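Subject: The structure you asked for

Hi,

Here is the structure I promised to pass on. Open it up next to this email, and then read on for what I found in it.

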Amino acid sequence: MAASREYINWITDRELRNLYLTDYRKEGGHACIEYTTLKRKELVEEQERRKKQRKVAMDHMHRRRINRPSYYVNEIHSSYYVSERHASKGNKGTKIVVLAIVIIIIIIAAWVYTNNYDLFSWFGNLSTLNQYNNLQIGQGTTNNFTSTTSQQSSQTELINYALQLINKDREAYGLSPVSFSNISSGQQHANNMLQHYYMSHWDVYGLKPYMRYTLLNGTGAVSENIADTSGTSCINFVCSGNIDPKTAIQQMENNFVYNDSICCENGHRNNILDPNHNQVSIGIAYDNGRIYFVQDFIENYIDWNSNSPAFSNNEVYLNGTISKYDLNSITISYDPPTTNMTIQQLNSTFAYGYGNQIAGVVNNSNSYYTTMATIIPDKYYVYENNLDIIFSIKNIINQYGAGEYTIFIWFNNRNSTNSEFVGSTYTIFINSNGQQYLPNNI
């Protein structure tokens, strides 16, 4: 995950810099400096300070009146009202008052412009802010993909533009282009983040990227980048301002590749420039104040036969043909049962892992794993990259119970020093009765 707004490289205070570095490298944290506990505390304090300044300004404007009591300016709406008694006189005093009103309006407009402050949008955001403070799982705003810029761009145009930027960066490093995936995992997650105004690889249902990918019928392996850009004025995560989507996408992609070392230890850059990726699912969702950008990079090298991969009666069925690479191994990971997450939890939970590796499948009864359970398959046939494998996970389900069991298929890349990589994942959802189920929130 990355955000495009600011990075740690502007921090000159060595002690403060070290505090940030320690905070975002802690266990369970995420290597994006603006989402550390310390930085979020600063943002909250800054928001409270600006909120108090606005309140003082508002109170001051309500109290201000022109010298003559019959004339006053409603400065919130930049209009004025004149009583009938004085309006009919048309004398010199009236002209002076009108001139004074115009001067005051000009002063207010200059103050608003200088402080990048939109009175109208602030009042409009009060209702949105209240919705955010009371937000529960399943509620939120609706994304209509509308742009406030003069040159509106279609969703297809923006996705194609993002894909061009990605492939241009890959080409610069001698890598093959990635194609656009028809699995909508990237767009689904971008929509969810905009609807609930949060920033995390997890979603409000407690699902990780590879879980969402399976639920959307994806059969490759996914690695996710996320970023966001906000408008000029934000209260909590509710923002206002004019965002040009193409400019924001270009800036976020540039930060991923060329400004990622201090923020995120080049995690996003390495993901974009991974030679094993051959597809990407792109998500772009925005409103008047914030834009979310998701890149789900995918390895998709197995031509699966019908009804595979599949799970039935505790048995996993894998039948298909691998292209380009060789099968290395098959492992199983476990995640505890998913639970709904609050917005506050999501905004402090960024990184995700592949769960706890609990078992591995061997190709004969003479092999075994020393660090996790060994599964001897009912059938293990691999010949000329054709695979037909069947194995049971009944014993590990009995041991671990309800949760998410993800099958990882590992490949060998003979042309890479880091030869092993995940080429396909398949998540199985098990309820408290030990039965498979499919979450219905995707």
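Let's start with an open sheet of five strands, in the order E14-E13-E12-E17-E18 and with mixed pairing. The edges are strand E14 (373-375) and strand E18 (420-430), each of which pairs on one side only. On average, neighbouring strands here are turned by 30° against each other, ignoring direction. As background, strands of a sheet pair through backbone hydrogen bonds, in either a parallel or an antiparallel way. You can follow one such pair inside this sheet: E12 (residues 326-335) and E13 (residues 356-361) run antiparallel and are joined by five bridges. In that pair, look for Tyr334, which sits opposite Asn356 in E13.

While you are there, check the loop between E13 and E14, where you will find Ser367. Is Ser367 buried or exposed? Neither, quite: its relative accessibility is 27%, so it counts as partly exposed. Apart from neighbours within four places in sequence, Ser367 is in contact with Val362 and Thr374.

Before you go further, keep in mind that this is a predicted model. The mean pLDDT of the protein chain is 76, with 66% of its residues reaching 70 or more. Confidence is highest in strand E3 (residues 179-180), at 98, and lowest in helix H5 (residues 119-133), at a mean of 31. Over residues 1-14 the pLDDT is below 50, and that stretch has 53 contacts in the model beyond near neighbours in sequence. Residues 114-151 also stay under 50, and there the model has 74 contacts beyond four places in sequence. Where pLDDT is low, don't read the predicted coordinates in detail.

Now for the whole chain. How many helices and strands does the protein chain have? The answer is 13 helices and 18 strands. Of the 442 residues, 48% are buried. The accessible surface comes to about 22300 Å², and carbon and sulfur atoms account for 48% of that surface. If you take the contacts between residues at least 6 apart in sequence, 68% of them join residues at least 24 apart.

Next, have a look around strand E11 (315-322). E9 pairs with E11 in the antiparallel sense over three bridges, and Trp304 stands opposite Gly320 in E11. E10 also pairs with E11 in the antiparallel sense over three bridges, with Tyr317 as the bridge partner of Ala310. E11 is joined to strand E16 (residues 386-392) as well, by seven bridges, and those two run antiparallel. There, Leu318 is opposite Ile389.

E10 and E11 form a hairpin with two residues between them. Most residues other than glycine have a negative phi, and most peptide bonds are trans. With that in mind, the loop between E10 and E11 is worth a look. Asn313 has a positive phi of about 50°, and Asn314 has a positive phi of about 70°, although neither is a glycine. Asn313 counts as exposed, because its relative accessibility is 70%. Asn314, at 22%, counts as partly exposed. There is a cis peptide bond too, between Ser308 and Pro309, with omega at about -5°. Pro309 lies in the loop between strand E9 (302-304) and strand E10 (310-312).

Last come the salt bridges, and the count is six. Side chains of opposite charge can pair when their charged atoms come close. One of the six links Arg212 and Glu224, with the closest N and O atoms 3.2 Å apart. Arg212 is in helix H8 (residues 209-215) and Glu224 is in strand E4 (residues 221-230), so this pair ties together parts twelve residues apart in sequence. Arg212 is buried, at 1% relative accessible area, and Glu224 is buried too, at 5%.

Arg290 and Asp228 form another salt bridge, at 2.4 Å from N to O. Arg290 belongs to strand E8 (residues 290-299) and Asp228 to strand E4, so here the parts tied together are 62 residues apart in sequence. Arg290 is buried at 1%, and Asp228 is buried at 0%.

Lys379 and Asp388 form a salt bridge as well, with the closest N and O atoms 2.5 Å apart. Here Lys379 is partly exposed, at 36%, whereas Asp388 is buried, at 16%. Finally, salt bridges that share partners join Asp203, Arg212 and Glu224 into one network.

Have fun exploring!

Methods: Residues are numbered from 1 along each chain as its sequence is written. This is a predicted model: local features need pLDDT of at least 70, side-chain atom pairs count only at pLDDT 80 or more; totals for chains, interfaces and linings use all residues. Side-chain values use heavy atoms; hydrogens and water are left out. Two strands pair if DSSP finds at least two bridges between them. Helices (H or I, at least four residues) and strands (E, at least two) are DSSP runs, numbered from the N terminus. Axes are lines fitted to C-alpha atoms, for helices over the stretch in contact, and angles run from 0 to 180 degrees between N-to-C directions. pLDDT is the predictor's confidence in each residue, from 0 to 100. Contact means heavy atoms within 4.5 Å. Buried means under 20% relative accessible area, exposed over 50%, partly exposed in between (1.4 Å probe, protein chains only). Accessible areas come from the Shrake-Rupley method with a 1.4 Å probe; for residues, only the protein chains shown count as cover. A salt bridge is a side-chain nitrogen of Lys or Arg within 4 Å of a carboxyl oxygen of Asp or Glu.
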